[in-house]
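Here are a few notes to read alongside the coordinates. I have gone from the whole chain down to single residues, so feel free to follow along in your viewer.

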Amino acid sequence: MSATGRIHSFETCGTVDGPGIRFIVFMQGCLMRCQYCHNRDTWDLHDGKEITVDELIKEATAYRHFMNASGGGVTASGGEAMMQPEFVRDFFRAAQAQGIHTCLDTNGYIRKHTDVVDEVLDAADLVMLDLKQLDDSIHQNLVGVPNKRVLDFARYLHQRGQKTWIRYVVVPGFTDDERSAHLLGEFIKDMDNIEKVELLPYHQLGEHKWEAMGFDYPLSGVKPPSKEVMENIQNIISSYTAAKVIF
């Protein structure tokens, strides 16, 4: 019987969540409470809609030609994809059986390392890991949880030799300073499994979702970082790693 999961939505021709043109599944549920979250409506695991792997892979394979021609594939994002690891595992296995590239977009906040975690990673051609902040006190303020599990997961990806891209959101007042950039560079400098570091400038696109749901947006009034700030962080992190650092 086909596994069932809860998703928020899917995007059929995404171009920013992994290589090429991608079919992106936004899974429902997340334990982090990022102040800048632009998918605030994905936090509750009980919201969204139920869908089976068979139904989802049928949707995805309709775009297989565009994905394969561009070097793309499917991406499990969120919310947090690893809140529903069995579903993601089965979805990835079904995609790979169709010759489709698979990408796990995760915040790495893995509550318990079980066999299914390895099974998801075995079925993931690429992992995109969000490293929010290396300073734990700032991390807890920014996203509501400690960073120990995330950093342990990053180390485990390195131990496995898992092909990984790092994502780092540059948030003014939280992650845009030189010290934070040096901490990130120092942490990843020996991780030869990392192919790319994507610096994502903070944006305000999620503010309207918070307001529509009746919540105050925590970073109201915070402006995106300047190009000069982004270039400075790029230069700092590039000094530590052979991975390509882009924004």
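**Notes on the fold and some local details**

1. Let me start with the contacts. Among those in the protein with a separation of 6 or more, 73% are between residues 24 or more positions apart. Please keep in mind that this is a predicted model.

2. On the overall make-up, the protein has nine helices and nine strands. Its radius of gyration is 17 Å, close to the 18 Å that the globule rule gives for 247 residues, so the protein is as compact as a globular protein of that length. Taken along the principal axes, the box filled by the C-alpha atoms is roughly 50 × 45 × 35 Å. Of the 247 residues, 51% are buried.

3. A helix pair you may like to look at is helix 3 (residues 85-97) with helix 4 (residues 115-122): their axes are 9 Å apart and the packing angle is about 30 degrees. Angles under 35 degrees count as roughly parallel, and helix 3 and helix 4 are therefore roughly parallel to each other. Their crossing is left-handed. On the helix 3 side, the contact is made by Pro-85, Glu-86, Val-88, Arg-89, Phe-92 and Arg-93, while helix 4 brings Val-116, Glu-119 and Val-120. By type, the residues of this contact comprise five nonpolar and four charged, with no polar ones.

4. Do have a look at the peptide bond joining Gly-78 and Gly-79, which is cis, with omega at about 15 degrees. Gly-79 sits in the loop between strand 4 (73-77) and helix 3, the helix that packs with helix 4 in the point above.

5. Which residues does Asp-118 touch, leaving aside those up to four places away in sequence? Asp-118 is part of helix 4, and the residues it touches are His-113, Tyr-156 and Arg-160. For a sense of scale, the C-alpha atoms of Asp-118 and Gly-20 are separated by 25 Å, with their positions 98 residues apart along the chain.

6. Is Ser-239 buried or exposed? With a relative accessible area of 57%, Ser-239 is exposed, since the cut-off for exposed is over 50%. Ser-239 is placed in the loop between helix 9 (227-238) and strand 9 (244-246). Its C-alpha atom is 9.2 Å from that of His-182, although Ser-239 and His-182 are 57 residues apart along the chain.

Methods:
Residues numbered from 1 in each chain as written. Predicted model: local features only at pLDDT ≥ 70, side-chain atom pairs only at ≥ 80, totals over all residues. Heavy atoms only, no water. Axes fitted to C-alpha atoms, helices over the stretch in contact; angles between N-to-C directions. Helix = DSSP H or I, 4+ residues; strand = E, 2+ residues; numbered from the N terminus. Parallel < 35°, antiparallel > 145°, perpendicular 65-115°, else oblique. Left-handed = near helix turned anticlockwise from the far one by under 90°. Contact = heavy atoms within 4.5 Å. Nonpolar A, V, L, I, M, F, W, Y, C, P; charged D, E, K, R; others polar. Rg over C-alpha atoms; globule rule 2.2 N^0.38 Å. Buried < 20%, exposed > 50% of the residue type's maximum accessible area, 1.4 Å probe, protein only.
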